[in-house]
Amino acid sequence: HDPESAESCSLTEDDVEPKLKYVRLSNDIKNILSEEAISCIAVHPRFLCLGTHWGRIHMLDHQGNCVHTVINRKENTHILSVNKISVDSRGEQIATCSDDGKVIISGLYTDENNQVLSTGKIIKAVELDPNHNRSGSGRRFIIGDNKLVLYEKTFLKGLKSTILSDSEGQVTAIKWNGQFVAWASSLGIHVYDLHEKCSLGFIQWEEPKDGKLTDYRCNLNWSNATTLLIGWVDTVRICVIRKRNAIEVSTRNLPVHIVDPMSTFQTDFFICGIAPLETNQLVVLGYAKERDSETNKALRPILCVLQYNASDYIEICTDSLSMRGYEEYKCDDYHLDCLIDENQYFIVSPKDVVVANLYETDDRVQWLIEHGKFEQAMDVIATHGGKYSLITVARLYLDHLLSLQQFDEAARLCQRVFGTDKQLWEEEVYKFVKVKQLRSVSSYIPITDECKLNPHVYEMVLYEYLQLDPNGFLQLVKEWPPRLYNTKAVINAVNDHFNKKDANILLEALAILYTHEKEFDRALTMYLKLQHKDVFELITTYNLYGMVKDCIVQLIELDSERAIAMLLKDHIPAEDVVRELEECEPYLYRYLDAYDKVKSNEKFHWRLVNLYARYEPEKLLSFLKRSNSYPIQEAYDMCQGLKFYPEMVYLLDKMGSTREALTIIMHNLQNVPMAIDFCKEHDDMDLWNDLINESVDKPHVMTKLLNSIAGFINPELLVDKIKPGQDIEGLKESIIKMLCGYSLQVSIQEGCNQILGADYFDMHERLVRVQQGALCVTTDHVCGVCRRDIIVKDSMKADIVMFNCRHYFHEPCLLDKYNLDICIVCNSKKMGNSGTF
């Protein structure tokens, strides 16, 4: 950065987000620095004080303007360089010291408590009691030469001095915080407890490898009431003052408090100043150990934000500061002071004052935008708000992504940020038009009724797909509802850009678009031309059955299962379907086969007989058995011609030609078990005789008959047919089995007869017992003739006639009219069933 810039004086690595922003003080301070050089600084929330090498004190506001006070009107306060300035907490008194041996305490609003102390020694450090201006405080202050001395005002307005501690050499730094005072000698750091009036400890500092410890200024600061920050040479140490254990204090006569080092680490630079930031974080002003390789002059000072642990640190960010005249300065020429509560840091060189502030939300967002970190900028806005709006940053981010040709990422950003904001979408989508990347954003454009964009936007997307990606065009036509765009305009665009290379894709798209326009005839034609199976969904969805009569064959060729399933829904008469399929028998067979499974109409059964015989003979017999709607003789002739013997047997049986059917079984099928079962089924002695006669000369048939006829015919008929000396394998076993089976059958029959007889007599006895029992008559019963209540109070009608069939009558209602031995109700039913009245 330009060292003369009034806006900034930092150099930060581009990829690291800075923690601090910098402003060089200007205004009246320019005039001061043109004549004098700064030697020290003290900062108060209301003002800042600058000490110069000419011995003068200047008071300014935080913008660099002179504050008109008694201090500014004085001539040189000191005759030599001002070494240290101290300000009380209320900003009403300041103390200064110099190499001229003087310590001067001046009031900004009154001179009542002014003091001028001449020690005759070089004074490097002075510190006012933070509560110096409080009544009864004693107006205390501490100075250091070769001793640490406390001064306080007595009742008679004289100064009383108290030597707090001897020093190992010159006292170079003092920092007062409540009851504790930290101070540096030429060997290390002491901490003194004013309440207990004793030293809490001494921290000896290691001598540097090059030079002496006294060549470097010790930098002290308090981050809170008990935490001391020390930066000296190139080492940082953080100490905490804590209370000792009560037992340890009482038994060993030790101070109540102790200083505990909690973190010590070494830096790569010399330390010019140290100040607290956040928890476990420090701001350190550093001076480079290296020199410029070309000029051998000093490098720029640096301001580091460090996060420390027990023995090391992490560098969060480091800024190089372009201070005026930095090439000629030494380490001790730089100073750092801060306003802890405001996180404001003042960096001072002899000819420059720069103020560093923590980056605020808007500063962070601006830096992140400038460095292309838009995602982080949006996160900061979402969390902390600020003057930048999320939409503003998102638009900049969108431009950035498009410039990098990261089109998909840009599209996702639109969806994430614009959401359902119709106006934003319509404004920003044109950026994709300019780079011909509407395809990238097509998946994210809102298509809901709540956020429906101008139809022209959707048409532009479709038009780009049509030109550059026909497959994508088809996919969008399928996905997008037609209410989003003008379908006629899109149809015209497709027709204008039609080409043979993408003919199938464009025809399918046209079919969908014509469907949206309800031009179903065109849509149907295109689907059939493409042989596309969506034609079935089109037909069923829009009830286009009347349009498909002439293209049934094409539909079956496309997908026979779906086509036939659709034809079976009664929307197209079966006669029309059969007529259309006359020339395509395989399709006709598949249709009629499916039709027969779901319909009871037997109109096409004779046609099915022929089709089964031709295409699936194995189904013919079962079909012949379940249907009666075909000419039996013609069916038999067809089966005879095709030598379908099982079917012939069934048809002959159906026509009554059982003996002929048995002949086919024995001679053509040669299936003895089937012949036996056939005879058993019909139980016809003529059939049994024919079967027996057929088996006489066939021993294997005779054996099977002997094993199967028990219970159906008299075994003697078969045994008598066996010729003497005829060799029949297994004859003995078969006869024994037959006789055993016959005997078992006779035994079973006898047992059944006994059971039936016993059951008959038991049931008869129960019937008699029930019929002889009393019958209950209630008022719920009525007379079977007059239909009045069966129980009446009139004694003339007290007699009741009841039958075992549970019909009730008044006796007078039956006299001279009916036979009292028979229930007239049951008798009339019997007569009615027989047709007799």
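**Helix packing around H13, and a small look at cavities**

H12 crosses H13 with a left-handed twist in this predicted model. The contact draws on Thr-487, Val-490, Ile-491, Val-494 and Asn-495 from H12, which meet Leu-506, Leu-510, Leu-513, Tyr-514 and His-516 from H13. Sorted by type, the residues of this contact come out as seven nonpolar, three polar and no charged. As for geometry, the axes of H12 (residues 487–496) and H13 (residues 503–516) come within 10 Å and cross at roughly 155 degrees. Angles over 145 degrees count as roughly antiparallel, so H12 is roughly antiparallel to H13.

H13 also packs with H11 (residues 470–479), this time at an angle of about 20 degrees and with the axes 9 Å apart. That angle makes H11 roughly parallel to H13. The crossing of H11 and H13 is left-handed. On the H11 side, the contact is made by Pro-470, Asn-471, Phe-473, Leu-474, Val-477 and Lys-478, while H13 puts in Ile-505, Glu-508, Ala-509, Ile-512, Leu-513 and His-516. Here the split is eight nonpolar, two polar and two charged. Leu-513 and His-516 of H13 turn up in the contact with H12 and again in the contact with H11.

Turning to empty space, the structure has two cavities of 30 Å³ or more. The second largest cavity holds about 30 Å³. Its lining consists of Ile-105, Asn-113, Gln-115, His-132, Arg-139, Lys-153 and Leu-159. By type, the lining of the second largest cavity is made up of two nonpolar, three polar and two charged residues.

Technical notes
Residues are numbered from 1 along each chain as its sequence is written. This is a predicted model: local features need pLDDT of at least 70, side-chain atom pairs count only at pLDDT 80 or more; totals for chains, interfaces and linings use all residues. Side-chain values use heavy atoms; hydrogens and water are left out. On a 1 Å grid over the protein atoms alone, a cavity is a set of points where a 1.4 Å probe fits but cannot get out, and a pocket is an open set with protein on both sides within 12 Å along at least five of seven lines; lining residues have an atom within 4 Å of a point. Grid points are joined across faces, edges and corners, and a volume is the space filled by probe spheres set on the points. Ala, Val, Leu, Ile, Met, Phe, Trp, Tyr, Cys and Pro count as nonpolar, Asp, Glu, Lys and Arg as charged, and the others, Gly among them, as polar. Axes are lines fitted to C-alpha atoms, for helices over the stretch in contact, and angles run from 0 to 180 degrees between N-to-C directions. Helices (H or I, at least four residues) and strands (E, at least two) are DSSP runs, numbered from the N terminus. Angles under 35 degrees count as roughly parallel, over 145 as roughly antiparallel, 65 to 115 as roughly perpendicular and the rest as oblique. A crossing is left-handed if the near helix is turned anticlockwise from the far one by less than a right angle, and right-handed if clockwise. Contact means heavy atoms within 4.5 Å.
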